[in-house]
Structures are given as structure tokens and as C-alpha cells.
Amino acid sequence: MRDSATLTFVVTVALLLSACAESPPPVTAERLLELRNIQPVVNAVALSPDGSLVAVGDMEGELVARELPSGTERWKGRVAAGRVDGLIFSADGSLLATTAHESRTMELWQVLTGRQVAVLDIRDSRTAAFHPTEPALVVGAGGNLYVVDAERGQITRTLPNAHSGDRVYAAAFSSDGQILVTASHEGALKVWVWPALTLRTSVETSKSLEAMAPVSLVLGRQGARAAANSLHGRVHIVDLAKQREERTFDNTPQAPGHGLHGEMRRSVAFTHDGDWLFAPDTHDRGVRILNLGSGKTYPVFRGDVPFYKAMSISIPAGLVALLHPGDDQGRGPYGLEVWRLTYR
């Protein structure tokens, strides 16, 4: 614990000092793994909390777990839903949840063996979040929230119409597990007290086309802030205590001459101190880090691909995994990259 606290302190000080000086980026990265010429349409990626595995799911329902840093395939499976749109590891890294749009089911997989342990009767699952300390999983599907006992693989509670007629698109727990935040298709945030799921407060993000259809939602230190980005990449920072939107960071996902793309799911992550946020770079060709106090942005890395379409960040492991298409129209063959972060 002392070593972890020391590392967090050192990283925090380094980032703060970097923000004060007009100098090199506070975080850089180097490519750890690159796999190209993947033929199926890869659609979702997730890093295990300890950074030892990267999981990739595709539009044909195939799920592959690879060891890091070698990229060696550990196991392969096929989901009953027929497609994979989202992947989420449990906090201890023992389970992997798969979500799928426009499907009748979602699934839980045992990470060690690649065995399917549960097929849940949840239709059109858009998002899922594991509790950080309890064996519980919350799933947003349609307009409903489902609470799943992750050990038994059973739905234990359903909260219908959670966003008053709107669909649930994103969900995240605070690090202590005491609150759950959900985001609707229209960009409204709701803060729920766990485990009762009583509503504490609601916050509206700015009304614009870019505020719709959130694809990423994360909570900062002690759940004081929430960060979300939408299909078009704009990042919204919300002060949950003051119940107001604090800041936005623009993005332009469509580069000149490129086809429209906006698929950067699960692509934001707070640093340990909660004062910085990783997010997609302009045109979704890389990653940048945002200082929430000053509003400044710094590049972390930019790849040599047309654009990235899905991302996963493991802050404890210091890794970023990304999927990319083969051309600027989003066609294949596709690729997987994993980058290692270095804090200055």
C-alpha cells in the first residue's frame, strides 16, 4: 500500500509540475504490441486491470483473449449473442462481461479458462459496470438497469425506466462503490446510491448534437467528478457535488477527406488524483491528456493509422489498447495496438 501511495504521489507531482511549465507532454507512450491484418470487424477491446491480458470482440461474435506483452492467444470463444459491442473486466480480473446491441442476451466469461459462465436474458445491452469490491454487475439495456449477481450469474433486480423514457447508454461506479452514475442517450446523468439504487441527483450536460449518445463514462476520485464523451468525441466534465457541467473539451473525429466515424467507446479515464483525464486526440488518431483545472491539453501519442475506433485504458497497469480499421472509410483489415504509458 505504501508503494502504491508513493507512486500515486510521484505521478501527481510530476503532472502538476508539467502543467506549470510550457514543456514536453507530461505523459508519453511507446507501442508495446501491434497486430494487423485482422479480417473480422473488431468492435470492442478491454485490458485486464493488471495489464496481463487484452480481450478483443468482433461483429461475428468471436472473443479472443491475448497475453501481454507477447500477444499470444490464451483462449478463444464465441458469444451466443452473435456480436460483441462492449467488453468489461471485473475489478479483480476474474470475469469478463460482453454486451451486444440489438441482441437478446449478454454474457459472463471466466477469464482464467475462457469458459462461458452465464448467458443473461438481457436484451439490447448498451453498457455494464462491475462493482469495485462486491460480486455485482450493473447492466444498462434499453431504458432499464439490471443488477446481476456475478458469482451466480443471475439477475437479482431490475430498475425499469431508469431515465424516464430515455435509453441508458453508459454506467460507472465510484472507486469506493458507494455511488453509481448512469448516462442517458440524451446526455443526462443520474447519480444513484448503492446498493439501494435510490436517486441522489440528476445533472444535464450541454444540449447539442455532440452531447447525444454517450459512449464513455468514468468517475473521478471519490466520485466527485464525472467525465463522458459522445459519438462525436466532445468530452464533458461534470461536477457531481455542485450538480453542474464544469468544462468541455472539443474534438473533431472526422478528418478532412475521411468518412464519418464516431465509435470511440470506453475512451476516457481519470488519473489516480482525478485532476487529469485521458481522452482521444483530434481526429481520433491518438490519445491526449487533459488538465481539468487549467483546460490545457497535451498529446500523449499519435499512431500511424487512419483513426482508432475503440479504446481501453488500464491506469494501474499504465497501458492503452486500441482498435483501428485499415482505411479512412473504416474498412478492414483491422488492427490491435497496445501502448505503454510513461509519466515524466
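Start by selecting strand 12 and strand 13 (residues 154–159): you'll see them run antiparallel, joined by 5 bridges. Keep in mind as you click around that this is a predicted model. For one rung of that ladder, pick Leu 145, whose bridge partner in strand 13 is Leu 159. Then go to the turn of this hairpin, where 4 residues sit between the strands and Gly 153 takes a positive phi near 65 degrees.

Now stay on strand 12, residues 144–149, and switch on a surface. Is it covered or not? Mostly covered: 5 of its 6 residues are buried.

Strand 12 has another partner to look at. Select strand 11 (residues 136–141), which runs antiparallel to strand 12 and is joined to it by 6 bridges. Put a label on Ala 141 and you'll find Asn 144 as its bridge partner in strand 12. These two strands also make a hairpin, with 2 residues between them, and Gly 142 in the turn has a positive phi of about 60 degrees.

Next stop, back towards the N terminus: strands 6 to 9. They form an open sheet in the order 6-7-8-9, with antiparallel pairing. Colour strand 6 (86–89) and strand 9 (115–120) to mark the edges, as each pairs on one side only. On average, neighbouring strands here are turned by 20 degrees against each other, direction ignored. Zoom in on strand 6 and strand 7 (residues 95–99), an antiparallel pair with 4 bridges. Ile 88 is a handy landmark there, with Ala 97 as its bridge partner in strand 7.

Then jump to another open sheet, the 4 antiparallel strands ordered 22-23-24-25. Its edges are strand 22 (269–270) and strand 25 (297–302); each has a single partner strand, so one side of each has no neighbour in the sheet. Select strand 23 (residues 276–280) and strand 24 (residues 286–291) to see 5 bridges linking an antiparallel pair. Pro 280 is worth a click: opposite it, in strand 24, stands Val 287.

Last, select Phe 249, which belongs to strand 21 (residues 244–249). Buried or exposed? Its relative accessibility is 5%, so Phe 249 counts as buried. Expand the selection to its contacts, leaving out neighbours within four places in sequence, and you'll pick up Gly 233, Arg 234, Val 235 and Ile 237, among others. The contacts also include Arg 288, Leu 290, Asn 291, Leu 292 and Thr 297. To finish, draw a distance between the C-alpha atoms of Phe 249 and Leu 292: they are 43 residues apart along the chain and separated by 9.5 Å.

Key. Residues are numbered from 1 along each chain as its sequence is written. This is a predicted model: local features need pLDDT of at least 70, side-chain atom pairs count only at pLDDT 80 or more; totals for chains, interfaces and linings use all residues. Side-chain values use heavy atoms; hydrogens and water are left out. Buried means under 20% relative accessible area, exposed over 50%, partly exposed in between (1.4 Å probe, protein chains only). Two strands pair if DSSP finds at least two bridges between them. Contact means heavy atoms within 4.5 Å. Axes are lines fitted to C-alpha atoms, for helices over the stretch in contact, and angles run from 0 to 180 degrees between N-to-C directions.
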